[in-house]
Amino acid sequence: MVSDRRYKRYFIILENEDRGFAKTDKRMPKGYAKIEVRNGKGLLNVYVQDLKYFKDAKYIYRNYLISTKGQKGKYVDTGAFMIDEKGKGELRVKFNPDNVEGSQMSIEDFNVVAVIAKPIERSSDENEVYGPLIGYMDKEKVDWKNILMYEENVMKENDKIDKEYKEKYEEIINVIEKSSKEIYKEDEEEEEKGFTEPIEKHGNELSSKYKYKEKPSKEI
């Protein structure tokens, strides 16, 4: 349902939650998010500072809008930050306020803005989600991590299924190829022994032994 809103503005302070991502021990990361909706168009601006800069790209910082409302909750990934060596970064994203990032959810459905530190390489048993900067649109703290952890587990399970399917698929292909080679080998051996009748003998028609019989087609 499209809202009749003309102008809305949200200003969300982002505060440090998970430690270990500060540029220095003396200054904790901080930032803010500004969301503006005007005439059916949305604009998200997120500013961060004093975040740790990873030269080896061990972690990348991504911004999430999270909804903890409802039974399962939902989130959308609005993009990555380019953090400079001073620990500063900015993200600017245009969005549809009635269908944010194709989620079928309006901007009013979300209640958390989260700057997440995502490891480039994650071990299969690592489930932790790191949120260096988090802001609450309703000014009320909520448990947002369960939403992301659930999705991470689902993705890992899907990756596991895909891997198992690929292995089974390759196994089946190998069996088919092996069987095909054995069949061709048997045919060649039969031809050498004279068990197969030459096709040329029958002109344009094959013998009943080799003729392919089509199923009668039904008229529609």
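**Close-up 1: who touches Asn 45 from further along the chain.** In this predicted model, skip the neighbours within four places in sequence and Asn 45 is still in contact with Tyr 32, Ala 33, Lys 34, Glu 90, Leu 91 and Arg 92. Asn 45 itself sits in strand β3, which covers residues 41-49.

**Close-up 2: the side chain of Asn 45, and its polar contact with Arg 92.** Here the side chains of Asn 45 and Arg 92 pair up in a polar contact at 3.3 Å. Is Asn 45 buried or exposed? Its relative accessible area comes out at just 2%, and the cut-off for buried is under 20%, so Asn 45 counts as buried.

**Close-up 3: the β4 and β5 hairpin.** Strand β4 (residues 59-67) pairs with strand β5 (residues 74-80), running antiparallel over six bridges. To pick out one spot along the pairing, look for Leu 65, whose bridge partner in β5 is Val 76. Six residues lie between the two strands of this hairpin. In the turn, check Gly 70: its phi is positive, at about 85 degrees.

**Close-up 4: the stretches where pLDDT drops below 50.** For the protein chain, the mean pLDDT is 77, with 63% of residues reaching 70 or more. Residues 153-166 have pLDDT below 50, and beyond near neighbours in sequence that stretch has six contacts in the model. Residues 195-220 are also below 50, and this stretch has eleven contacts in the model, again beyond near neighbours in sequence.

Methods:
Residues numbered from 1 in each chain as written. Predicted model: local features only at pLDDT ≥ 70, side-chain atom pairs only at ≥ 80, totals over all residues. Heavy atoms only, no water. Helix = DSSP H or I, 4+ residues; strand = E, 2+ residues; numbered from the N terminus. Buried < 20%, exposed > 50% of the residue type's maximum accessible area, 1.4 Å probe, protein only. Polar contact = N/O pair within 3.5 Å; in protein donor to acceptor, adjacent residues only side chain to side chain. Contact = heavy atoms within 4.5 Å. pLDDT = per-residue confidence, 0-100. Pairing = 2+ DSSP bridges.
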